[in-house]
Amino acid sequence: MSDVVISELESSLPARPVPGSVESVDRRRVLIGTGVVIVVALAVVWLVRLLPTSGAAPVALAVVLGLLVLPVIASPVEWFVHRFVYHEAVIRPLTAIYMVHTVHHYTYFPTWRYVTAGPARRLSITNRAPKALVSRLRNAGVRLAHFSFYMALGAVLIWLPAWFLTRDVPFLVGIVAASVVVSNLFIVVHDTIHRPGSHRIVEAQPWFAFLDRHHYIHHVALGTNLNFLLPLADVLFGTLRRELTPEELAEHGPLERAKATSAGQGEKARAAVA
């Protein structure tokens, strides 16, 4: 199914560079890396269970531990979802997400038209020909759907296990608060990368340049840099790439050139550069 969809998308575009295929993963390394994260998470749970149930200092520490452990656990969760939902239609009820993400890479933000101007025009969540939305209300609806999806994943895979293992309210508060921040950052940073100038404060942060380059490499080689904010799972699972190969640079060009070639306001790349 993946090859058919990609072939159809490529046939509708000019002769331009296309991303590399999504390579198979090193299952042994993924298993070991997942085990490492689980051990770290259980160690934090053990610390929380040792804390006194009253007092300002233990409560504050529990909240801090929740804030810190959420990104660590969320990194492999994001990696698995990005790899096996966004880039492969493994879970049939979520095929619409795969379709939207494939269109994002091949039709709206290929490496030769990596950035655009104007407000965010999000892709409709549909199984059939996802298209960019112009209406502010519908864009807000899709943004809310993205945020809700990330939060729902956190609730099922992180919040509930954390609560059942600790029964600690301050710890859960820290986890939920971190989930809100991370889920919002997913959306805002992604918008900023593909629409330079849309969030000046984000662009001014010292970590943004790294994430900008990190994500561009993913657009060139889809099986790499599957983490977006915290590439912990990329490191553990062996999918981290810090630079492009000479062949990839020759075909797709450097990030600097991609960021300098802004066209259109969120419409299909073909229409923007034709």
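E256 is partly exposed, at a relative accessible area of 47%. This residue belongs to a salt bridge with R213, and the structure, a predicted model, holds 7 salt bridges. Three of these pairs are described below, followed by a nonpolar surface patch that includes L61.

**R213 and E256**

- In the salt bridge between R213 and E256, the closest N and O atoms are 2.5 Å apart.
- R213 sits in helix α8 (residues 208-220) and E256 in helix α11, so the contact ties together parts of the chain 43 residues apart in sequence.
- R213 has a relative accessible area of 35% and is partly exposed.
- E256, with 47%, is partly exposed because the range for that class runs between the 20% limit for buried and the 50% limit for exposed.

**E267 and R121**

- The side chains of E267 and R121 form a salt bridge with an N to O distance of 3.8 Å.
- This pair links distant parts of the chain, 146 residues apart.
- E267 is in the loop between α11 (255-260) and α12 (269-273), while R121 is in the loop between α4 (95-108) and α5 (136-166).
- E267 counts as partly exposed at 24% relative accessibility.
- R121 is also partly exposed, with a relative accessible area of 24%.

**E203 and R200**

- E203 and R200 meet through their side chains in a salt bridge, at 3.9 Å from N to O.
- Both residues are in helix α7 (residues 200-203), and because they are 3 residues apart, about one helical turn separates them.
- R200 is exposed, with a relative accessible area of 63%.
- E203 is partly exposed, with a relative accessible area of 23%.
- The 23% of E203 lies above the 20% limit under which a residue is buried, so E203 falls in the partly exposed class.

**Background to the pairs**

- Side chains of opposite charge can pair when their charged atoms come close.

**Nonpolar surface patch**

- L61, V64, L67 and L68 make up a nonpolar patch on the surface.
- Together these four residues have about 330 Å² of accessible area.
- L61 is located in helix α3 (residues 56-86).
- L61 has a relative accessible area of 40% and is partly exposed.
- Patch members need over 30% relative accessible area, so the 40% of L61 satisfies that cut-off.

Methods: Residues are numbered from 1 along each chain as its sequence is written. This is a predicted model: local features need pLDDT of at least 70, side-chain atom pairs count only at pLDDT 80 or more; totals for chains, interfaces and linings use all residues. Side-chain values use heavy atoms; hydrogens and water are left out. Patches are made of residues with over 30% relative accessible area and no salt bridge: like charges are joined within 9 Å, nonpolar side chains (Val, Leu, Ile, Met, Phe, Trp, Tyr) within 5 Å. Accessible areas come from the Shrake-Rupley method with a 1.4 Å probe; for residues, only the protein chains shown count as cover. Helices (H or I, at least four residues) and strands (E, at least two) are DSSP runs, numbered from the N terminus. Buried means under 20% relative accessible area, exposed over 50%, partly exposed in between (1.4 Å probe, protein chains only).
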